[in-house]
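This report goes through a few features of one structure, beginning with its cysteines. Please look over the sequence and the model before reading on.

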Amino acid sequence: MPDDAVWVSRRQQAVDDNLSHSEFLYRLLGDEVERRDSKQLSQRVRRASFEHARSLEDFDFHFNPSVPKAKVLELGTCGFLERHDNVLIVGPTGVGKSHLAQALGHRACRAGFSTLYVGTHELLMQLRSARGDGSYDKRLLRFTSPDLLIIDDLGLRGLTQDEPVDLYEVVRQRNERKSTVITSNRAIEEWPPLFGDPLMASAAMDRLLHHSHVLVIEGDSYRNPPPVRRRKAAAAEAR
């Protein structure tokens with residue numbers, strides 16, 4: 001039911017505009033649908049556990065011309081989620097990989113898709129802990145069930161012990177069922193050695209690259225732009 005303020009506002013509007021009972025009811029139901037949609041969106045964003053509130057609207061496509069704007073905006077329509085495609089975003093530190101990944105995640109939430117953002121280290125640490133307390137299957141389900149899983153910063157460090165197997169299992173169970181976005185400072189060609197075993201690496205990469213969109217970003221860091229960029233930015237703000 002609508003809250004008291006909405007109810008009073010709509011009732012007064014009905015009187016002022018001489019609305020019929022059916023039109024009054026239609027508008028009241030519209031308010032309720034809008035309220036529920038907003039509540040569900042808030043819940044999806046909260047459950048996604050984003051590190052920052054990022055959007056495509058506030059991404060500076062002019063800073064690094066290597067960012068394929070048309071492709072990014074096409075991904076922002078969330079068609080790749082309906083096809084269960086993957087998105088792999090690679091490039092050096094600070095070029096906007098995490099921003100783009102989380103922005104796509106926000107678009108997914110707005111489109112009604114369940115989403116989860118997690119750093120690679122956090123994902124593997126949780127699965128390693130779950131092996132110890134017997135909750136592995138339940139914890140694995142947390143990473144394999146969302147419509148969109150965003151794994152940030154793959155390859156910052158090597159994978160050890162059972163981590164390659166855990167990462168492979170996430171990839172395997174999501175393959176052609178759900179979409180995964182992965183960001184990495186390493187080129188795609190550098191990913192296979194992370195798995196240690198050539199056969200497992202081949203199987204994982206085959207699944208990741210099948211029906212995938214690879215975005216390679218180059219250029220300066222947003223967090224530490226060269227002096228010329230800093231002077232231009234300062235001049236632009238001063239105008």
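## Cysteines

The cysteine sulfur closest to that of Cys78 belongs to Cys109, and at 9.1 Å it is too far away for a bond. The reverse holds as well: the sulfur of Cys109 has its closest cysteine sulfur in Cys78, 9.1 Å away and too far for a bond. A disulfide is a covalent bond between the sulfur atoms of two cysteines. This model, which is predicted, holds zero disulfides. The cut-off for a disulfide is a sulfur pair within 2.5 Å.

Both cysteines are covered. Cys78 counts as buried because its relative accessibility is 2%, and Cys109 counts as buried at 0%.

## Helix H5

Cys109 is one of the buried residues of helix H5. This helix spans residues 97-110, which gives it 14 residues. From its first C-alpha to its last it reaches 20 Å, close to the 20 Å expected at 1.5 Å a residue.

How many of the 14 residues of H5 are buried? The number is 12, so H5 is largely enclosed by the rest of the structure. The buried set includes charged or polar side chains such as Lys97, His99, Gln102, His106 and Arg107. Also in the set are Leu100, Ala101, Ala103, Leu104, Gly105 and Ala108. After the helix comes Gly112, which has a positive phi, near 95°.

## Strand S4 and its neighbours

Strand S4 covers residues 179-184. Six of its six residues are buried, so the strand is mostly covered under the cut-off of 20% relative accessible area. Cover is found on both faces of S4. Ser179, Val181 and Thr183 are buried on one side, and Thr180, Ile182 and Ser184 are buried on the other.

S4 pairs with two strands described here. With strand S1 (residues 86-90) the pairing is parallel and runs over four bridges; within it, Leu88 has Ile182 of S4 as its bridge partner. With S3 the pairing is also parallel, over five bridges, and Leu154 stands opposite Ser184 of S4. Which hand does the β-α-β unit of S3, H8 and S4 have? The unit is right-handed.

## Salt bridges

How many salt bridges does a search of the whole structure find? The search gives 10. Three of these pairs are described here, followed by a network.

Arg83 and Asp85 meet through their side chains in a salt bridge, with 3.0 Å from N to O. The two residues differ in cover: Arg83 counts as partly exposed at 45% relative accessibility, whereas Asp85 counts as buried at 7%.

Arg131 and Asp162 form a salt bridge in which the closest N and O atoms are 3.8 Å apart. This pair links distant parts of the chain, 31 residues apart. Arg131 lies in helix H6 (residues 120-133), and Asp162 lies in the loop between strand S3 (148-154) and helix H8 (163-174). Arg131 counts as partly exposed, with a relative accessibility of 37%. Asp162 counts as partly exposed too, at 39%.

The side chains of Lys178 and Asp147 form a salt bridge at 3.5 Å, N to O. Lys178 sits in the loop between H8 and S4, and Asp147 in the loop between helix H7 (136-144) and S3, so the salt bridge ties together parts that are 31 residues apart in sequence. Lys178 counts as buried at 17% relative accessibility, while Asp147 counts as partly exposed at 23%. Elsewhere, Arg128, Arg157 and Glu163 are joined into one network by salt bridges that share partners.

## A contact across the sequence

Where does Asp220 lie? Asp220 is in the loop between strand S5 (212-216) and helix H10 (227-238). With a relative accessibility of 27%, Asp220 counts as partly exposed. Asp220 and Pro92 are separated by 128 residues in sequence, but their C-alpha atoms are 8.6 Å apart in space.

Key: Residues numbered from 1 in each chain as written. Predicted model: local features only at pLDDT ≥ 70, side-chain atom pairs only at ≥ 80, totals over all residues. Heavy atoms only, no water. Salt bridge = Lys/Arg side-chain N within 4 Å of Asp/Glu carboxyl O. Buried < 20%, exposed > 50% of the residue type's maximum accessible area, 1.4 Å probe, protein only. Expected span 1.5 Å × (residues − 1). Pairing = 2+ DSSP bridges. Right-handed = clockwise from strand over helix to strand, strands pointing away.
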